[in-house]
Amino acid sequence: QVQLVESGGGLVQAGDSLRLSCAASGRTLSNYVMGWFRQAPGKEREFVAAISRRGGSIYYPDSVKGRFTISRDNAKNTVYLQMNSLKPEDTAAYYCAANIGVILTTMSEYTYWGQGTQVTVSS
């Protein structure tokens, strides 16, 4: 098993940047595909970004492509989500998740989840 803890969320203004971190413990991060998801109040959780075990494959939805960057440092057992040019519609709780399979973009493939970190973007 792996335990995941997100950090780095906060309250920012539109156009600002944040970097979220996801620290893993229990197993080495390199065993997992890693993803970021977000959920706003009253909305379903949605896919934000995913990265393969060695970082060779990365996926983003159109809503964040060009603004968000996922990366991983397996030596530090940490995954990052750099968020630039934030918009009010990015406001949500952001969750880090670990996947033992090979499908990067499907939420049901992720087995282990963090508790989330809140990102609030004011206009």
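Me: Hello! What is a polar contact, and within what distance must its atoms lie?

Reply: Welcome! A polar contact is a pair of N or O atoms, and within protein one of them must be able to donate a hydrogen and the other to accept it. This model is predicted. The two atoms of the pair must lie within 3.5 Å.

Me: Which residue joins its side chain to that of Thr-28 in a polar contact of 2.9 Å?

Reply: Let's place Thr-28 to begin with: it is found in the loop between strand E3 (18-25) and E4. Its relative accessible area is 42%, so Thr-28 is partly exposed. The side chain that meets Thr-28 at 2.9 Å belongs to Asn-31.

Me: How far apart in space are Thr-28 and Glu-109, C-alpha to C-alpha?

Reply: In sequence, 81 residues separate Thr-28 and Glu-109. In space, from C-alpha to C-alpha, the separation of the two is 19 Å.

Me: Asn-99 has a polar atom in its side chain; which residue has its backbone oxygen 2.7 Å from that atom?

Reply: Asn-99 is found in strand E9. Its relative accessible area is 0%, so Asn-99 is buried. Leaving aside neighbours within four places in sequence, Asn-99 is in contact with several residues, including Tyr-32, Arg-53 and Glu-109. The backbone oxygen at 2.7 Å from its side chain is that of Ile-103.

Me: How many aromatic pairs does a search of the whole structure find, and what kind is the pair of Phe-37 and Phe-47?

Reply: The search finds five aromatic pairs. In the pair of Phe-37 and Phe-47, the ring centres are 5.8 Å apart and the planes make an angle of 65°. Planes over 60 degrees apart count as edge-to-face, so this pair is edge-to-face.

Me: How many residues apart in sequence are the parts that Phe-37 and Phe-47 tie together?

Reply: Phe-37 sits in strand E4 (residues 33-39), while Phe-47 sits in strand E5 (residues 46-51). Both Phe-37 and Phe-47 are buried. Because the two rings belong to these two strands, their pair ties together parts that are separated in sequence by 10 residues.

Me: Phe-37, Phe-47 and Tyr-110 are linked by ring pairs into a cluster; which other residue belongs to it, and at what distance from that ring centre does Arg-45 lie?

Reply: The cluster also includes Trp-113. Arg-45 lies over the face of Tyr-95, at 3.9 Å from the ring centre. Over the face of Trp-113, the distance of Arg-45 from the ring centre is 4.9 Å.

Me: Arg-38 and Glu-46 meet in a salt bridge; what is its N to O distance?

Reply: Four salt bridges are counted in this structure. Arg-38 has 5% relative accessibility, so it counts as buried. Glu-46 is partly exposed, at 32%. The N to O distance between their side chains is 2.7 Å.

Me: Which residue meets Lys-65 in a salt bridge?

Reply: The N to O distance in this bridge is 3.7 Å. The partner has a relative accessible area of 68%, so it is exposed. The partner of Lys-65 is Asp-62.

Me: Arg-67 meets which residue in a salt bridge of 2.7 Å?

Reply: Arg-67 is buried, with a relative accessible area of 11%. A network of salt bridges links Arg-67 with Arg-38, Glu-46 and Asp-90. The side chain that meets Arg-67 at 2.7 Å, N to O, is that of Asp-90.

Definitions and conventions: Residues numbered from 1 in each chain as written. Predicted model: local features only at pLDDT ≥ 70, side-chain atom pairs only at ≥ 80, totals over all residues. Heavy atoms only, no water. Phe/Tyr/Trp six-rings, centres within 6.5 Å; stacked < 30°, edge-to-face > 60°. Helix = DSSP H or I, 4+ residues; strand = E, 2+ residues; numbered from the N terminus. Buried < 20%, exposed > 50% of the residue type's maximum accessible area, 1.4 Å probe, protein only. Lys NZ or Arg CZ within 6 Å of the ring centre and 35° of its normal. Contact = heavy atoms within 4.5 Å.
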